[in-house]
Amino acid sequence: MDFRKSSYSGGSGGECIEVAVADAVYVRDTKQDGYDNRAVVAITPKAWGCFTSGLR
């Protein structure tokens, strides 16, 4: 899966999420240790759209 770091993440690090889009939208926290063992949340594309629309 190809995760992308949020463009709103601070330059000093520690406040980032990464998102990957496939059959669902996958979100993980970059602060967690162990690159391959980070917890990932899967969200439907429709729910992700509602979430991001609510942020604007």
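**Exercise 1. Cysteines**

Classify Cys 16 as buried or exposed from its relative accessibility, do likewise for Cys 50, and state how many disulfides the structure contains.

*Solution.* Cys 16 has 3% relative accessibility and therefore counts as buried. The reasoning rests on a cut-off: a residue is buried when its relative accessible area is under 20%, and exposed when that value is over 50%. Cys 50, at 55%, passes the upper limit and so counts as exposed. These values are computed from a predicted model. The last step concerns pairing. A disulfide is a covalent bond between the sulfur atoms of two cysteines. A search of the whole structure returns zero disulfides.

**Exercise 2. The chain as a whole**

Determine which pattern of helices and strands the chain follows, and what share of its residues counts as buried.

*Solution.* Begin with the elements: the chain has four strands and one helix. Placed in sequence order, they give β-β-β-β-α. Next, consider burial: the chain has 56 residues, and 25% of them count as buried. The accessible surface amounts to about 4300 Å², with carbon and sulfur atoms holding 52% of it. Finally, take the contacts in the chain with a separation of 6 or more: 6% of them come from residues 24 or more positions apart.

**Exercise 3. Tyr 26 and its surroundings**

Locate Tyr 26 among the elements, decide whether it is buried or exposed, and list what it touches beyond four places in sequence.

*Solution.* Tyr 26 lies in strand E3, which spans residues 25-29. Its relative accessible area is 16%, so Tyr 26 is buried. With residues up to four places away set aside, Tyr 26 touches Met 1, Phe 3, Glu 18, Val 19, Ala 20, Val 40, Val 41 and Ala 42. For Val 40, a distance can be added: 14 residues separate it from Tyr 26 along the chain, and their C-alpha atoms are 6.3 Å apart.

**Exercise 4. Asp 2 and Val 19**

State where Asp 2 is placed, which element holds Val 19, and which residues Asp 2 touches beyond four places in sequence.

*Solution.* Asp 2 belongs to the segment before E1, whereas Val 19 is part of strand E2. With a relative accessible area of 64%, Asp 2 is exposed; Val 19, at 17% relative accessibility, counts as buried. Beyond four places in sequence, Asp 2 touches Val 19 and Ala 20. Under the corresponding exclusion, Val 19 is in contact with Asp 2, Phe 3, Arg 4, Val 25, Tyr 26, Val 27 and Trp 48. Two C-alpha separations complete the picture. Val 19 and Arg 4, 15 residues apart in sequence, are 5.3 Å apart. Asp 2 and Tyr 26, 24 residues apart along the chain, are separated by 9.9 Å.

**Exercise 5. The largest pocket**

Give the volume of the largest pocket, and identify which of its lining residues are closest to its centre.

*Solution.* The volume of the largest pocket is about 470 Å³. Its lining has 15 residues, and those closest to the centre are Ser 6, Tyr 8, Val 19, Trp 48 and Thr 52. The elements contributing two or more lining residues are strand E1 (4-5), strand E2 (17-21) and helix H1 (45-55). By residue class, the lining divides into eight nonpolar, four charged and three polar residues. Val 19 thus links two exercises: it is among the residues closest to the pocket centre, and it is in contact with Trp 48.

Note on methods:
Residues numbered from 1 in each chain as written. Predicted model: local features only at pLDDT ≥ 70, side-chain atom pairs only at ≥ 80, totals over all residues. Heavy atoms only, no water. Buried < 20%, exposed > 50% of the residue type's maximum accessible area, 1.4 Å probe, protein only. Contact = heavy atoms within 4.5 Å. Areas by Shrake-Rupley, 256 points an atom, 1.4 Å probe, with all protein chains shown as cover. Disulfide = S-S within 2.5 Å. 1 Å grid on protein atoms, 1.4 Å probe; cavity = no way out; pocket = protein on both sides within 12 Å on 5 of 7 lines; lining within 4 Å. Points joined across faces, edges and corners; volume = space filled by probe spheres on them. Nonpolar A, V, L, I, M, F, W, Y, C, P; charged D, E, K, R; others polar.
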